[in-house]
Amino acid sequence: MRLNRMIQAVDLHAAGEPGRVIVGGVLDVPGTTMFEKMTWLQTHGDDLRLRMLREPRGYPAANCNLILPTTHAEAQAGFVIMEQVEYPGMSGTNTICVVTTLLETGMLPMTEPTTDVVLESPAGLIRVHAECRNGKVRGVTFTNVPAFATHLDRPIEVPQLGTVTVDVAYGGMFYVIADAAQFGFRLTPDEGRDITRTTEMIKAAAAEQLPVVHPDQPGFAGITIGQLSGPPHDPANSCRNAVTVSTGILDWNKPSTWTGVIDRSPCGTGTSAKMAILHAKGQLGLHEDFRHEGILGTVFTGRLIATTTVGAGAQARTAVVPTITGTAWITGFASYVVDPEDPFPNGYTVGDIW
């Protein structure tokens, strides 16, 4: 049998969220920075993302990462993150999955009890501290790129929902965050369909009414992801969230497009954005643990370790430096191929689940 472009990947999940990591089949792509490599994939190599994330090789909740040679002298490896409708600059669960893959497969040397790694993401350098024991990465703590709030307690008009009060912040992606109580949600798995539909509508309205651009990286612009926030179900935790990742582009005239999938984890960049908002409101200080529940009850522990500034002049914004701690588990190893006669080389979507 003649097969095209074999891809080797490790499948994992971090606190429940799948994070496939491509470790073979792509040597490198053009670009002098990881942001440029991401942009090249987006414009010239998007077939890889489609092939790995759409059916029959993927599914709506899937994420994928491509490990690449770093372009930065301080980093040991680089990676590009792929999601259903975009290439995020940064992702917490995917970072945890990439670090776990690099260390547990021996692509980078593991030292016990701790291993320090620097990764190059499209959003910048990510410094990682991994707790390791008996060949297993027991916990990953990474220092995220600076996070900052752009809008606090802003009313927006959402068709069918009316006036909704939201916050907007950057935590590696631009998030719109709304209080789940406005819609009667407790943020439980059985509410999933209604959570995604509501969040997608809020996100689309916020993107239209609250434009945002990263002051240092204008390539990152616009609200692309939404989060509903509520009280924790476990009193040991600080807050509960449900982040909805889009699986298509919302068309207000087509209710079938008001869909997405819930991040199964507490979401690393979403946790960073939420902490930036709480800090801006005076509700979270530096060096305080912020235990964030996801919809499955799994927890990421966040902490703000410093304040800083992003941008300059009139564009300057006060920001915070977050750390996120979580764990990933390898679930499988696979080789993905395309038969030259396959009618769906780049996969497909069907409206029953997408």
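Which element gives the largest share of the lining of the largest cavity? I started my notebook with that one, keeping in mind that this is a predicted model.

**Entry 1: the cavities**

I looked for enclosed space and found two cavities of 30 Å³ or more. The largest cavity holds about 80 Å³ of space. I listed 15 residues in its lining, and the closest to the centre are Glu83, Ser91, Thr93, Asp263 and Cys267. Two elements, helix H3 (92–104) and H5, give two or more residues to that lining. That settles my opening question: H3 has the largest share, with three residues. I then sorted the lining of the largest cavity by class and got five nonpolar, seven polar and three charged residues.

Next I turned to the second largest cavity, with a volume of about 30 Å³. I wrote down its lining: Glu17, Pro60, Ala61, Ala62, Asn63, Glu83, Gln84, Val245 and Val261. By class I have five nonpolar, two polar and two charged residues here. I marked Glu83 in my notes, since I had it at the largest cavity and met it again in the lining of the second largest.

**Entry 2: the largest pocket**

How much space lies in the largest pocket? I read off about 570 Å³. Its lining has 23 residues, with Gly192, Arg193, Thr196, Gly260 and Val261 closest to the centre. I checked which elements bring two or more residues to this lining, and they are helix H4 (192–209) and strand S14 (260–262). H4 has the largest share, at five residues. My class tally for the largest pocket reads 12 nonpolar, six polar and five charged. I also marked Val261, which is among the residues closest to the centre of this pocket and is on my list for the second largest cavity.

**Entry 3: the second largest pocket**

Which residues lie nearest the centre of the second largest pocket? I found Asp167, Asp179, Ser229, Lys274 and Lys281 there, out of 16 lining residues. I have its volume down as about 260 Å³. Four elements are on my list as supplying at least two lining residues each: strand S10 (162–170), strand S11 (174–179), strand S12 (225–230) and helix H5 (268–280). I had already come across H5 at the largest cavity, where it also gives two or more residues to the lining. The class split for the second largest pocket came out as six nonpolar, five polar and five charged residues.

Technical notes: Residues are numbered from 1 along each chain as its sequence is written. This is a predicted model: local features need pLDDT of at least 70, side-chain atom pairs count only at pLDDT 80 or more; totals for chains, interfaces and linings use all residues. Side-chain values use heavy atoms; hydrogens and water are left out. On a 1 Å grid over the protein atoms alone, a cavity is a set of points where a 1.4 Å probe fits but cannot get out, and a pocket is an open set with protein on both sides within 12 Å along at least five of seven lines; lining residues have an atom within 4 Å of a point. Grid points are joined across faces, edges and corners, and a volume is the space filled by probe spheres set on the points. Ala, Val, Leu, Ile, Met, Phe, Trp, Tyr, Cys and Pro count as nonpolar, Asp, Glu, Lys and Arg as charged, and the others, Gly among them, as polar.
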